[in-house]
Structure formats: C-alpha cells, structure tokens
Amino acid sequence: HKCTSLTTTTHLTMAAALMSTYYTSVDNIIKPAVFSLLDGVGLHLEPSCHLTSHLPLVSSPTPVILSVAAYLVIVSLGVLLSSSKNSTTSSSSPSPSSQTKRKDPYWLA
C-alpha cells in the first residue's frame, strides 16, 4: 500500500506541476491582453493595493475569463443538445394533436 500511495502522490504532484505550468503560460497571454485592452479604453486596473494584490481574482483576470468562457461553452452545448433533441422528437411525431402534454416537474407543482 505504501508504494501505491507514493506512486499516486508522485503522479498527483506531477499533474499539479503540469497544470501550474499550463496555467502560467495561459495567464502570461491573457493578463497582458486584458490589461492593455482596458488601458486602451481608459481603464487602468492594474492591482495596486498590497492587501488584495495576491488574491486570485484581483491579481489577474485569467480566472474570470476562463470561468466565463467555460460557462458560455457549457450553456452553448446545452442549448445545442436541447435544440437537436427537440428537432428530432418533433420531426418523428406525426402531428401535434396526437401528442400528450408531459407532466410538469415536481418543483413547478
């Protein structure tokens, strides 16, 4: 068991180091681009307060940009899957009058 946990710990450490390197390289692209874009429109938002400059959402816009991008991807996939599901079910049914209304979910009752 000790050898297995050591191997697992080693793999987790390597994965964390790889993710940290990847995040740093992404941050080195996103952070200057966002701050230069904001400077271009007259907003100078570089963190200047030493009390908050170490916080992740203050020191860099990268976590916010990546979170919003992930949210938009997930919502877009959900809309696409929902619309494709609705189009296949509506095209396979012969007429709307033969369909029965589905029961409302319990939280709407």
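This is a short talk on the fold, the surface and one buried aspartate of a predicted model.

Okay, hi everyone. Before anything else, keep in mind that we're looking at a prediction. The mean pLDDT of the protein is 81, with 82% of the residues at 70 or more. If you go by element, helix 3 comes out with the highest confidence, a mean of 85, and helix 2, residues 56-59, with the lowest, at 80.

So, the overall layout. We've got 3 helices and 0 strands, and the order along the sequence is just α-α-α. Helix 1 covers residues 2-40, and helix 3 covers 62-92. As for contacts, take the ones between residues at least 6 apart in sequence: 56% of those join residues at least 24 apart.

Now, how much of this protein is buried? Out of 109 residues, 10%. The accessible surface is about 9,300 Å², and carbon and sulfur atoms account for 70% of that.

Let's stay on the surface for a second. There's a nonpolar patch of about 660 Å², made by L57, V64, V68, Y71, L72, V75 and V79. Which helix gives the largest share of that patch? Helix 3, with 6 residues. Y71 is one of the patch residues and sits in helix 3. Y71 counts as exposed because its relative accessible area is 53%, and the cut-off for exposed is over 50%.

Okay, last stop, and this one's for the electrostatics people: D27, over in helix 1. D27 is buried, yet there's no salt bridge on it. Where's the nearest side chain of opposite charge? That's K31, 5.3 Å away. A salt bridge has to be within 4 Å, so that pair doesn't make the cut. What does D27 touch, then, leaving out residues up to four places away in sequence? P32, S60 and T62. Of those, T62 falls in helix 3, which runs over residues 62-92.

That's what I had, thanks.

Key:
Residues numbered from 1 in each chain as written. Heavy atoms only, no water. Helix = DSSP H or I, 4+ residues; strand = E, 2+ residues; numbered from the N terminus. Buried < 20%, exposed > 50% of the residue type's maximum accessible area, 1.4 Å probe, protein only. Lys, Arg positive; Asp, Glu negative; His and termini not counted. Contact = heavy atoms within 4.5 Å. Areas by Shrake-Rupley, 256 points an atom, 1.4 Å probe, with all protein chains shown as cover. Patch = residues over 30% accessible without salt bridge, like charges linked within 9 Å, V, L, I, M, F, W, Y side chains within 5 Å. pLDDT = per-residue confidence, 0-100.
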